[in-house]
Amino acid sequence: MSSTQQNWSAILRELRTQAGISQAELAYRASMSQRTVAEYENANVPRQLSIYKVETILAALGYELDAIKVDDDV
């Protein structure tokens, strides 16, 4: 598993927690299943996300892709 996958999982979980919503609520807002959100947040389950999925999840949390910066050395 890459560190990028671990970081994305942590970022997603942190953003969702800061928004004060459950995985089920995020899933509803992003038109996906709660299980999918849980798997995205689980760093032990490697999942490839398209940029479309990332943008959809971020939009459901009230962010734009530009708001998320990942360091090159991550």
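A residue is called buried when its relative accessible area is under 20%, exposed when it is over 50%, and partly exposed in between (1.4 Å probe, protein chains only). The views below show a predicted model, in which local features need pLDDT of at least 70, side-chain atom pairs count only at pLDDT 80 or more, and totals for chains, interfaces and linings use all residues. Residues are numbered from 1 along each chain as its sequence is written, and side-chain values use heavy atoms, with hydrogens and water left out.

**View A. The whole protein chain has 4 helices and 0 strands.**
Helices (H or I, at least four residues) and strands (E, at least two) are DSSP runs numbered from the N terminus. Along the sequence the pattern reads α-α-α-α. The protein chain has 74 residues, and 31% of them count as buried. Among contacts with a sequence separation of 6 or more, 59% join residues that are 24 or more positions apart; contact here means heavy atoms within 4.5 Å.

**View B. Confidence is lowest, on average, in H1 and highest in helix H2 among the elements of the chain.**
The predictor's confidence in each residue is given as pLDDT, from 0 to 100. The chain has a mean pLDDT of 82, and 78% of its residues reach 70 or more. The mean is 81 for H1, while H2 (residues 23-30) has a mean of 97. Where pLDDT is low, the predicted coordinates should not be read in detail.

**View C. Glutamate 14 and glutamine 18 both belong to helix H1.**
Helix H1 covers residues 3-19. Glutamate 14 has a relative accessible area of 48%, so it is partly exposed. Glutamine 18 is exposed because its value is 53%. Each of these residues can be paired with a residue from another part of the sequence. The C-alpha atoms of glutamate 14 and glutamate 41 are 9.3 Å apart, although 27 residues separate the two along the chain. For glutamine 18 and leucine 61 the C-alpha separation is 9.4 Å, and the sequence separation is 43 residues.

**View D. Arginine 16 is a buried residue of helix H1.**
Arginine 16 counts as buried because its relative accessibility is 12%. Its side chain reaches the backbone oxygen of isoleucine 21 at 2.9 Å. This distance fits the limit for a polar contact, a pair of N or O atoms within 3.5 Å; within protein, one must be able to donate a hydrogen and the other to accept it, and residues adjacent in sequence count only if both atoms are side-chain atoms. Leaving aside residues up to four places away in sequence, arginine 16 touches Ile21, Ser22, Gln23, Leu26, Glu41 and Leu61.

**View E. Helices H2 and H4 pack at an angle of about 115°.**
Their axes lie 9 Å apart, and H4 spans residues 51-60. Axes are lines fitted to C-alpha atoms, for helices over the stretch in contact, and angles run from 0 to 180 degrees between N-to-C directions. On the H2 side, the contact is made by Leu26, Arg29 and Ala30; on the H4 side, it is made by Thr56, Ile57 and Ala60. The buried residues of H4 are Val54, Thr56, Ile57, Leu58 and Ala60.

**View F. Serine 31 has a positive phi, near 55°, and is not a glycine.**
Most residues other than glycine have a negative phi. Serine 31 sits in the loop that runs between H2 and helix H3 (34-41). Its relative accessibility is 66%, and therefore serine 31 counts as exposed.

**View G. Glycine 62, just after H4, takes a positive phi of about 90°.**
Glycine 62 lies in the segment that follows H4. The residue is exposed because its relative accessible area is 66%. Leucine 15, shown with it, belongs to helix H1. Leucine 15 counts as buried because its relative accessibility is 9%. The C-alpha atoms of glycine 62 and leucine 15 are separated by 9.6 Å, while the two residues are 47 places apart along the chain.
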